[in-house]
Amino acid sequence: MSYELNAQLCAEHLSGAVKFATLSKDIEADTDWGPFFGLHEYILKTYPLVAEKLHHEVVGKAGLLFTWKGTGKSSALPVFMMAHMDVVPEGDWSKWDTPPYEGAIRDGHVWGRGASDCKAQMIAQLEAAEHLLSEGWQPDYDIYMAYCYNEEVAGGDSDSCAKLIADLLVERGVKAGITLDEGGGMRDGSMMGAEGKICCISVGEKGYVDFEIYKLDEGGHSSTPHKGGALDYVAEAILAIRDHQLPFRITPAVKARFAAIAPVMKDKELAKLVADVEANWEELLPILDKDPKLAAYFHTTLVPTMAQGSQQGNILPEKASINVNSRLLQGDTIESITAYLQSIVPEGMVVVPHKAHNPSPCGTVDTDAAQLLFKLCKERYGEEITLVPEVVLGGTDSKFLYGLSDNVYRFGPFYNPKGESTRAHQVNENMDIETLKGGAEYMVDFLKKYGK
């Protein structure tokens with residue numbers, strides 16, 4: 001009997017997944033693994049054919065990897081698709097309309113922490129697999145589905161689950177033809193300052209570093225302060241960072257991104273400039289200086305986000321520090337930005353990078369795999385769609401997959417024509433039920449047509 005893709009059933013399954021408070025922590029030892037293994041059991045119970053027909057194994061602390069062996073009739077390289085099980089903290093519970101782990105289903109949405117980021121993607125993939133298995137469909141190529149546990153903390157103080165899984169598959173001789181992770185997808189153009197519909201396939205992402213910048217001092221009693229204390233240095237460092245931001249520059253991926261979206265941008269004057277950023281660079285520079293969202297595409301950002309001194313008001317700190325968060329543009333490295341910061345902060349301060357990842361390589365949408373994603377969007381949502389190769393300003397687990405595949409894409413299979421926000425990382429996070437079902441249907445189409 002075929003397992004039909006039903007919107008209400010999809011919603012109930014996502015609701016069940018949201019009920020598990022799978023919070024990741026920067027310090028792995030602080031993580032409660034019970035909800036993760038509870039979610040494993042829930043997945044295997046909810047999708048019995050997936051549990052029966054596909055090999056599954058735990059990787060790392062709680063990563064879940066499914067292997068679906070194909071017939072071998074196709075020469076197509078395997079598909080690797082993934083999502084992450086972990087979620088960010090809930091914030092102020094009093095601001096939620098319903099408790100964040102209740103998984104409430106109302107008003108055509110599933111509500112709760114992780115409903116959109118990123119359990120919806122996991123559920124859509126599993127719904128598609130269960131449906132195809134119920135029809136007796138067997139792929140002619142191999143499929144891997146991976147669900148990770150520390151994406152939200154970029155691995156924290158331990159190895160990334162995505163890296164562990166990617167390294168394991170590479171060790172087994174796997175080379176994927178495409179990897180699909182969260183990010184991108186079909187969007188209403190208004191979400192990107194554009195007209196019409198956008199097929200957004202993210203081809204790369206900026207790097208990430210938290211820099212600790214600190215100064216040691218003798219400390220002492222606040223009643224007899226001395227000049228040049230540790231906090232004086234911190235104050236000077238903050239001002240130095242403000243006044244010495246890294247220069248704007250053009251990368252090939254960002255140039256391609258804006259050239260693609262320019263024809264449908266609502267701001268026609270800006271569109272004329274970004275259609276050819278190199279030719280119009282001098283005119284663009286003053287605009288970038290006033291628009292932080294636009295500017296983020298064109299330079300490595302540096303921003304102080306936390307500061308710490310003494311633990312009590314009447315104590316001079318023996319150590320004062322700031323955390324400076326940096327998102328690295330392609331061409332910059334952890335080492336180069338460390339050296340840059342060391343050159344601009346006061347002498348005697350120490351700069352230490354933490355939780356650091358270099359920018360990912362940037363691919364292209366001029367591949368058979370990416371063009372299939374685009375073709376399926378046009379088949380489902382109409383021919384008038386603009387394809388945009390996006391560069392992610394934040395981060396995903398995809399950064400760890402480049403040894404596994406040459407075609408690493410961040411592409412969610414969802415499209416909400418109403419342009420509603422899913423409120424990821426905010427209170428009242430949610431997922432539209434029809435959008436969720438559409439994502440499962442899209443994955444069915446993709447798996448059936450991949451490699452043809």
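**Note on the predicted model**

1. Cysteine 118 sits in the loop that runs between strand 5 (109-111) and helix 4 (119-134). The peptide bond leading into this residue from aspartate 117 is cis, with omega near 10 degrees; since the model is a predicted one, this bond is a detail that I would point out to any reader of the loop.

2. Two residues that are not glycine have a positive phi. Alanine 154, in the loop between strand 6 (143-148) and helix 5 (161-171), has a phi of about 50 degrees. Is alanine 154 buried or exposed? With a relative accessibility of 18%, alanine 154 counts as buried, because the cut-off for that class is under 20%.

3. Histidine 425 is the other case, with a phi near 70 degrees, and its place is the loop between strand 17 (408-410) and strand 18 (430-432). Histidine 425 has a relative accessible area of 43% and is therefore partly exposed, a class that lies between the 20% and 50% limits.

4. Turning to the interior, the largest nonpolar core has 93 residues, and Phe80, Met122 and Phe446 are those with the most contacts inside it. Helix 4 gives the largest share of this core, nine residues. In soluble globular proteins, nonpolar side chains tend to be buried together.

5. Which residues does methionine 122 touch, if those up to four places away in sequence are not counted? They are Ala17, Leu39, Ile43, Ala83, Met85 and Tyr147. Apart from the largest core lies another, of 26 residues, which includes Leu270, Leu273, Leu294 and Ala295.

6. As for the overall fold, the protein has 13 helices and 18 strands. The radius of gyration is 24 Å, close to the 22 Å that the globule rule gives for 452 residues, so the protein is as compact as a globular protein of that length. Along the principal axes, the C-alpha atoms fill a box of roughly 80 × 55 × 45 Å.

7. Of the 452 residues, 56% count as buried, and among contacts with a separation of 6 or more, 79% join residues that are 24 or more positions apart.

8. On the surface, the protein exposes about 19300 Å², of which carbon and sulfur atoms supply 53%. The side chains include 42 positive and 65 negative ones, and the centres of these two sets lie 3 Å apart.

Conventions:
Residues numbered from 1 in each chain as written. Heavy atoms only, no water. Helix = DSSP H or I, 4+ residues; strand = E, 2+ residues; numbered from the N terminus. Buried < 20%, exposed > 50% of the residue type's maximum accessible area, 1.4 Å probe, protein only. Core = buried A, V, L, I, M, F, W, Y, C linked by side-chain atoms within 4.5 Å. Contact = heavy atoms within 4.5 Å. Rg over C-alpha atoms; globule rule 2.2 N^0.38 Å. Areas by Shrake-Rupley, 256 points an atom, 1.4 Å probe, with all protein chains shown as cover. Lys, Arg positive; Asp, Glu negative; His and termini not counted. Charge placed at Lys NZ, Arg CZ, Asp CG, Glu CD.
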